Each structure stands twice: as C-alpha cells, then as structure tokens.
Amino acid sequence: MIAFEEKIIRFQKENDEVQNFIVKGSDEHLDLLLSIKTQLDQLTDKFIILMSEIIPGAGKLSSEELNKSMPSLLDLYSSSIKLVAALKRSATANDIKSSSQRYYSEVENLREFIYDLENIRLSDDKDLENLLDGLNKL
C-alpha cells in the first residue's frame with residue numbers, strides 16, 4: 001500500500017513542478033508583453049508628437065526643402081512599415097491589439113502625409129500653391 005501512496009505523492013510533486021513552471025512561464029510572458037506594450041505605446045506617443053510638429057510647417061516648405069526632406073520621410077515610413085510587418089507576423093500584435101492599432105494608425109497618417117507632400121511637391125499648379133499659402137496664413 002505504501003508504494004501505491006508513494007507513486008501518487010511522487011506524481012503530485014511532478015504535477016506541482018510542471019504547474020509552477022507553467023505559471024512562471026506565463027508570468028514571464030505577461031511581463032514581456034507588458035514591456036512590449038509599454039515601448040510601443042511610448043513610440044506611438046512620440047509618433048503623434050512628431051506628426052503634430054511637422055504637419056503644420058510642411059505647407060511653408062519650399063520645393064527645395066520638400067525635395068531634401070522627402071528621403072528622410074520615406075526612410076521613416078519604411079522603418080515604420082517594417083515594425084508593422086514584424087508585429088503582424090508575430091502573435092504579439094493580437095495580445096496588445098489596441099496598442100498595435102494605435103501605432104498602425106500613426107503609420108497610416110504618415111503615409112497620407114507623404115502622399116499629400118508628394119502631390120504638392122510635384123504640382124506645378126500655382127493656384128494650388130497660392131491657396132495653400134493662404135490657408136497657412138490663417
């Protein structure tokens with residue numbers, strides 16, 4: 001009878017060890033997710049600030065300044081898209097969905113901003129240029 005009880009107790013100890021390992025792994029996973037979420041939220045907040053700082057001044061830039069800054073904007077967009085792709089490839093994006101969506105939204109805002117700048121930069125329409133200058137003065 002003792003051997004019977006020993007088997008049960010031994011298995012219970014193994015069961016408890018595995019449970020503790022899983023709980024520890026789960027806690028570490030949650031800590032990692034929280035760390036990723038925090039960093040992504042901070043990056044998104046900085047993205048929002050950057051966009052709020054560069055959008056108002058963009059209409060005042062000369063064609064030369066636009067041409068000079070476009071490669072930097074495109075590099076930023078490329079880098080941002082790589083992060084979006086990395087998030088979407090991993091399961092992490094689903095675990096921190098609201099943070100991921102906020103970041104995706106800012107990347108989309110950047111894309112639209114670049115598109116708008118390209119249209120302005122490539123436009124030879126002086127009426128449009130005068131209209132934008134008038135709006136910037138308001």
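The following dialogue explains how several descriptions of this predicted model are justified.

Modeller: In this predicted model, local features need pLDDT of at least 70 and side-chain atom pairs count only at pLDDT 80 or more, while totals for chains, interfaces and linings use all residues. Residues are numbered from 1 along each chain as its sequence is written, and side-chain values use heavy atoms, with hydrogens and water left out.

Colleague: What makes up the protein chain in terms of helices and strands?

Modeller: The protein chain has five helices and zero strands, where helices (H or I, at least four residues) and strands (E, at least two) are DSSP runs numbered from the N terminus. The pattern along the sequence is therefore written α-α-α-α-α.

Colleague: How do you know that the span of H1 agrees with its 57 residues?

Modeller: The expected span of a helix is 1.5 Å times one less than its number of residues. For H1 this gives 84 Å, and the end C-alpha atoms are 82 Å apart, which agrees.

Colleague: Why is the contact of Arg-102 and Asp-41 called a salt bridge?

Modeller: A salt bridge requires a side-chain nitrogen of Lys or Arg within 4 Å of a carboxyl oxygen of Asp or Glu. The N to O distance between Arg-102 and Asp-41 is 3.6 Å, so the pair qualifies. Arg-102 lies in helix H4 (residues 97-122) and Asp-41 in helix H1 (residues 2-58), so the salt bridge ties together parts that are 61 residues apart in sequence.

Colleague: Why is Asp-41 called buried, and what is Arg-102 called?

Modeller: Buried means under 20% relative accessible area, exposed over 50%, and partly exposed in between (1.4 Å probe, protein chains only). Asp-41, at 16%, is therefore buried, whereas Arg-102, at 33%, counts as partly exposed. Other buried residues of H1 include Leu-33, Leu-40 and Phe-47. Buried residues make up 19% of the 138 residues in the protein chain.

Colleague: What other salt bridge does Arg-102 form?

Modeller: Arg-102 also meets Asp-45, with an N to O distance of 2.6 Å. This pair links helix H4 with helix H1 across 57 residues. Asp-45 counts as partly exposed at 35% relative accessibility.

Colleague: How many salt bridges are found, and what separates Glu-108 from Arg-111?

Modeller: The whole structure holds four salt bridges. In the one between Glu-108 and Arg-111, the closest N and O atoms are 2.5 Å apart. Both residues are in helix H4, three residues apart, which means that about one helical turn separates them. Glu-108 is partly exposed at 31%, and Arg-111 is partly exposed at 34%. Elsewhere, salt bridges that share partners join Lys-37, Asp-41, Asp-45 and Arg-102 into one network.

Colleague: Why is Lys-88 said to sit over the ring of Tyr-104?

Modeller: A charge sits over a ring if NZ of Lys or CZ of Arg is within 6 Å of the ring centre and within 35 degrees of the ring normal. The charged end of Lys-88 is 4.9 Å from the centre of the Tyr-104 ring and sits over that ring.

Colleague: Why is Ile-22 called exposed?

Modeller: Ile-22, in helix H1, has a relative accessible area of 53% and is therefore exposed.
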